[in-house]
Amino acid sequence: VSTTEPSAVAQGHAAGRQAIPAPSQVIEGGSPDRFGYEWEHYPELRPDYERQFLRWTAPLPRDSWRDKTFLDVGCGMGRNSFWPMTYGARGGVAIDLDERSLAAARHTLAPYPTVRIVKGSAYELPYRDEFDVVFSIGVIQILEFPERAIQRMCQAAKPGGKVLIWVYGRENNGWIVHGLSPLRRMVLSRLPVPLVHFLSLPAAGLIYPVIQAGLLNSIEYFREARGFSFRHLRSIIFDQFLPRIAHYWSRDEVLGMMRRAELHDIQLEWVNQVSWTAVGTKAPA
Ligand SMILES: C[S@@+](CC[C@H](N)C(=O)[O-])C[C@H]1O[C@@H](n2cnc3c(N)ncnc32)[C@H](O)[C@@H]1O
């Protein structure tokens, strides 16, 4: 198993089911305190977020959201609950651990009162057989016990409902796994968040012109990133610098996690040649 951190996937596989984490581990692993700073400072809903959302959820096209209920696990500022509502979803729950993220989500989702903003952990989702779609975007890979969260997501989905995750891929991200990740683990994730935010400025200043010049065009993600504003790129770099844990999984590892959650009809999409979307169906009752 090739991940940047000791592999909770491998542990989960060996142990069958992952043990329920203690509260301290919940906070440590998912870095919600650190992401709270991000969503407080980058709360705006950018138009290019919709294009991203459609890529992250490619197996669930716009029409498929009509009249559906959803659970958004680790909702951050709520952007990924916003788009399904514009496609006619009935409503849902957006859940996160951090108060600042939840405040940003309340603001983003104010036009849609049928979306409830709830404080809670991905490990302790208080729902069973409830939602048509349960999704988590950019969260599972920063958790210490990713499979535990996926199991909880499956419980929350209705029989026959969909469970979708979007996670970083191992493919094409060797430079992060071997370069940025050790730096992030040993240095950046231990620094005060405002300082990490400050450091993201010179990093973005270096990378932005390289992307704009098309020097990284061999990878789809960087072709896409040519359309990002400087502020958007900086927020992505900041997001990469923040977490205490970040797993980068290969296609087979992602498939394995979905299978062990006993999901069916699993579909995988390689998103922008750097990440994976996986969707599966919960068995009918
Ligand atoms: C990278 S952000 C992604 C936010 C959002 N899904 C998005 O794509 O905009 C990760 C989010 O996961 C949340 N988080 C971390 N650990 C969590 C946990 N154990 N339970 C619920 N949310 C958690 C953080 O607070 C943060 O908002």
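# Close-up views of the predicted chain

**View 1. Within the sheet, K162 faces T281 of strand β7.**
The model is predicted, so local features are described only at a pLDDT of at least 70 and side-chain atom pairs only at pLDDT 80 or more, whereas totals for chains, interfaces and linings use all residues. Residues are numbered from 1 along each chain as its sequence is written, and side-chain values use heavy atoms, with hydrogens and water left out. Strands β5 and β7 run antiparallel and are joined by 7 bridges. Helices (DSSP runs of H or I, at least four residues) and strands (DSSP runs of E, at least two) are numbered from the N terminus. Two strands are said to pair if DSSP finds at least two bridges between them. Strands of a sheet pair through backbone hydrogen bonds, either parallel or antiparallel.

**View 2. Strands β6 and β7 form a hairpin with 3 residues between the strands.**
The two strands pair in the antiparallel sense over 6 bridges. Q267 stands opposite V279 of β7, and W270 has W276 of β7 as its bridge partner. In this hairpin, N272 takes a positive phi near 55°.

**View 3. Strand β7 is largely enclosed by the rest of the structure, because 7 of its 7 residues are buried.**
A residue is called buried under 20% relative accessible area, exposed over 50%, and partly exposed in between (1.4 Å probe, protein chains only). From β7, the residues S275, T277, V279 and T281 point one way. W276, A278 and G280 point the other way, and all of these residues are buried.

**View 4. The open sheet has 7 strands in the order β3-β2-β1-β4-β5-β7-β6, with mixed pairing.**
At the edges lie β3 (115–119) and β6 (264–271), each of which pairs on one side only. From one strand to the next, the twist averages 15°. Angles run from 0 to 180 degrees between N-to-C directions, and axes are lines fitted to C-alpha atoms, for helices over the stretch in contact. Helix α5 (residues 79–86) packs on the sheet and touches β1 (69–73), β2 (91–96), β3 and β4 (131–137). The direction of α5 makes about 165° with that of β1. Helix α7 (residues 146–156) also packs on the sheet, touching β1, β4 and β5 (157–168), and its direction makes about 150° with that of β5. Contact here means heavy atoms within 4.5 Å.

**View 5. Helix α7 contains R148.**
Is R148 buried or exposed? With a relative accessible area of 11%, R148 is buried. Its C-alpha atom is separated by 10.0 Å from that of M257, although the two residues are 109 residues apart along the chain.

**View 6. Helix α6 (residues 99–108) carries the buried residues S101, L102, A104, A105 and T108.**
Seen down the axis of α6, the buried residues fall within an arc of 160°, so they line one face of the helix. The arc is that of the directions from the helix axis to the C-beta atoms. The buried residues of α6 pack against α3 (32–41), α5, β2 and β3.

**View 7. Two aspartates, D67 and D129, have a positive phi.**
Most residues other than glycine have a negative phi, and most peptide bonds are trans. D67, which is not a glycine, has a phi of about 65° and lies in the loop between α4 (48–56) and β1. D129, likewise not a glycine, has a phi of about 55° and sits in the loop between β3 and β4. With a relative accessible area of 40%, D129 is partly exposed.

**View 8. Two buried cysteines, C75 and C154, belong to a structure that holds 0 disulfides.**
A disulfide is a covalent bond between the sulfur atoms of two cysteines. Here it is counted as a pair of cysteine sulfur atoms within 2.5 Å. C75 has a relative accessible area of 4%, and C154 has a relative accessibility of 9%.

**View 9. The chain as a whole has 12 helices and 7 strands.**
Of its 285 residues, 58% are buried. Among contacts between residues at least 6 apart in sequence, 74% join residues at least 24 apart. The accessible surface comes to about 11,900 Å², and 57% of this belongs to carbon and sulfur atoms. Accessible areas come from the Shrake-Rupley method with a 1.4 Å probe; for residues, only the protein chains shown count as cover.
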